[in-house]
Amino acid sequence: MIIIKKYPNRRLYDTSQSQYVNLEFIKSLVMSHQEFKIIDSKTEDDLTKSIMLQIITEQETNDQQSVLTNQVLKQLIRFYDSDMQVFLRMYLEQSMANFLDQQDAMQSVMRGIIDKSPIGIFGQMFEKNVDFWRSIGISDPSKTPKE
């Protein structure tokens, strides 16, 4: 678990690497499925959710990348303080998990199709040739040692 401290000056500090980081670094942790927690440096309150919401807010400013339309946001707001809020949370979590599982399955099928296509087979042969040249000490096969 990576612990990141947020200081009053709004800076984020990765305690595992002993360096200051930014929101892009936090996003990369999410994308690489790293476990992390962001805490307030003084109170040690968990700030992970608020920082992730900040990342989402920045992503949502670009209309081409926007996932949460105005209509979706209005509907989400209506669920707060309702009896259905807990059910919505469970539904969203399960729906996202199912969606990601289906996406992984589809990508696996596509990789299988590409790997078995003539282009995929040619690519595999090329990679094996490059590996061979590297194994005998030639980093760039187009540049052979001079005699």
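**Strand pairing and helix packing**

Trainee: Which residue in β2 is the bridge partner of K5?
Mentor: This is a predicted model. Strands β1 (residues 2–6) and β2 (residues 12–14) run antiparallel and are joined by three bridges. In one part of this pairing, K6 has L12 as its bridge partner in β2. For K5, the partner in β2 is Y13.

Trainee: Which residue in the hairpin of β1 and β2 takes a positive phi?
Mentor: The hairpin has five residues between its two strands. Among them, a positive phi near 75 degrees belongs to R10.

Trainee: In what sense do β1 and β4 pair?
Mentor: Strands pair through backbone hydrogen bonds, and two senses are possible. In β1 and β4, I4 stands opposite I38, the latter in β4. Five bridges connect β1 and β4, and the sense of their pairing is parallel.

Trainee: Which strands are the edge strands?
Mentor: The open sheet has four strands with mixed pairing, in the order β3-β2-β1-β4. From one strand to the next, the twist averages 35 degrees. An edge strand pairs on one side only, and this applies to β3 (19–21) and β4 (36–40).

Trainee: Which helix packs on the sheet?
Mentor: The helix in question touches β1, β2 and β4. Its direction makes about 105 degrees with that of β4. It spans residues 48–60 and is helix α2.

Trainee: Is α1 roughly parallel or roughly perpendicular to α2?
Mentor: L23, I26, K27 and V30 of α1 meet a set of α2 residues that includes I51, M52 and I55. The axes of helix α1 (residues 23–31) and α2 come within 10 Å, crossing at roughly 100 degrees. Because angles of 65 to 115 degrees count as roughly perpendicular, the crossing makes α1, relative to α2, roughly perpendicular.

Trainee: Which helix contributes the largest share of the nonpolar patch?
Mentor: The patch lies on the surface and is formed by F79, M84, V86, F87 and M90, with about 470 Å² of accessible area together. One of these residues, F87, is placed in helix α4. Three residues of the patch come from a single helix, spanning residues 85–116, and this largest share belongs to α4.

Notes. Residues are numbered from 1 along each chain as its sequence is written. This is a predicted model: local features need pLDDT of at least 70, side-chain atom pairs count only at pLDDT 80 or more; totals for chains, interfaces and linings use all residues. Side-chain values use heavy atoms; hydrogens and water are left out. Patches are made of residues with over 30% relative accessible area and no salt bridge: like charges are joined within 9 Å, nonpolar side chains (Val, Leu, Ile, Met, Phe, Trp, Tyr) within 5 Å. Accessible areas come from the Shrake-Rupley method with a 1.4 Å probe; for residues, only the protein chains shown count as cover. A salt bridge is a side-chain nitrogen of Lys or Arg within 4 Å of a carboxyl oxygen of Asp or Glu. Two strands pair if DSSP finds at least two bridges between them. Axes are lines fitted to C-alpha atoms, for helices over the stretch in contact, and angles run from 0 to 180 degrees between N-to-C directions. Contact means heavy atoms within 4.5 Å. Angles under 35 degrees count as roughly parallel, over 145 as roughly antiparallel, 65 to 115 as roughly perpendicular and the rest as oblique.
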